[in-house]
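Me: I am new to this structure and would like to go through it with you. Short answers, please, with the reasoning behind each one.

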Amino acid sequence: MDQGAPLKDISIDIEISEEEEEQQLLEQRENNPNDTPGVTEARTKGQDSLATHSNTKAFIKDRDPKGINKCLKVTFEDVIAEPASVRSFDKVWLWSHALFEVSRLWFYRIVSLLLAVPVALAAGLLFAVLSCLHIWLIVPSVQILVINLHWIKVVWHNVLDIAISPFFRSFGKCCGFIRISLEKY
């Protein structure tokens, strides 16, 4: 390699281009107009379930599409601010700003490198267990209670209508005529 030649940036794009992606989405919508974007039936390998075709560029660019972490958009100016009456040297301010941004970015990257995969795995397992318990244990148990305890609902409704409701209606009518007024002496 020639030492004096300028270095060229080389990028390798292993993803499909945006035009190809849009073309695939249009074809998908034409074939399945009632499907949601990005979801088609998986007809490969005999699968009948729905499979998602993720848009990797959009996924990498917009990592918080629902805006659940808006409170974490913290900038240097949100944390450190000098009033007009008290100012440090300009170089100190610039270096502080640069150090803040760089340390925040790289410390986050290092911590997320160490924790993101284990926490994602734990969260996935937790939600899988909770979903399984909800689907196979909680909902059937509640349905058993609803079906088998219907007679208690009927009896309780009759007790309320016959014994308790007339008492409270009468009490309400008796107390309904009480008037309280405040007078100033």
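Me: What makes you say that helix 4 bends at Leu115?

Reply: This is a predicted model, and the bend is computed from it. The bend is the angle between axes fitted to the seven residues ending at a residue and the seven starting there. At Leu115 in helix 4 that angle is about 40°. A proline, Pro118, follows within four residues.

Me: How do you know that helix 4 falls short of a straight helix?

Reply: Set its reach against its length. Helix 4 has 59 residues, and a straight helix would reach 87 Å at 1.5 Å a residue. The end C-alpha atoms of helix 4 are only 76 Å apart.

Me: Where does helix 5 bend, and by how much?

Reply: The place is Ile164, with a bend of about 45°. Here too a proline follows within four residues: Pro166. Helix 5 covers residues 150–175. Its first and last C-alpha atoms are 35 Å apart, close to the expected 38 Å.

Me: Which residues does UniProt mark as "transmembrane region", and what does the model show there?

Reply: The unreviewed UniProt entry places that feature at residues 106–127 and 133–152. Over residues 106–127 the model is 100% helix and 0% strand, with the end C-alpha atoms 30 Å apart. Over residues 133–152 it is 95% helix and 0% strand, and the ends are 27 Å apart.

Me: How many disulfides are there?

Reply: The search of the whole structure finds 0. Take Cys174: the nearest cysteine sulfur belongs to Cys175, 6.4 Å away. A disulfide needs two cysteine sulfur atoms within 2.5 Å, so 6.4 Å does not qualify. Cys175 is likewise in no disulfide, its nearest cysteine sulfur being that of Cys174.

Me: Why is Cys174 called exposed, and what is Cys175 called?

Reply: Exposed means over 50% relative accessible area. Cys174 has 59%, so it counts as exposed. Cys175 has 36%, so it is partly exposed.

Me: What share of the chain is buried?

Reply: Buried residues make up 5% of the 185 residues. To be called buried, a residue must have under 20% relative accessible area.

Me: What lines the largest pocket?

Reply: Its lining has 16 residues, and Arg63, Asp64, Asn69, Leu72 and Tyr108 lie nearest its centre. Helix 4 gives the most, with 5 residues. Helix 2 (56–61) also supplies at least two. The space in this pocket is about 790 Å³.

Me: What is the order of elements along the chain?

Reply: From the N terminus on, it is α-β-β-α-α-α-α. That comes to 5 helices and 2 strands.

How values were computed:
Residues are numbered from 1 along each chain as its sequence is written. This is a predicted model: local features need pLDDT of at least 70, side-chain atom pairs count only at pLDDT 80 or more; totals for chains, interfaces and linings use all residues. Side-chain values use heavy atoms; hydrogens and water are left out. UniProt positions are given in the numbering used here, feature names are shortened, and annotations may be inferred rather than shown by experiment. Buried means under 20% relative accessible area, exposed over 50%, partly exposed in between (1.4 Å probe, protein chains only). The expected span of a helix is 1.5 Å times one less than its number of residues. On a 1 Å grid over the protein atoms alone, a cavity is a set of points where a 1.4 Å probe fits but cannot get out, and a pocket is an open set with protein on both sides within 12 Å along at least five of seven lines; lining residues have an atom within 4 Å of a point. Grid points are joined across faces, edges and corners, and a volume is the space filled by probe spheres set on the points.
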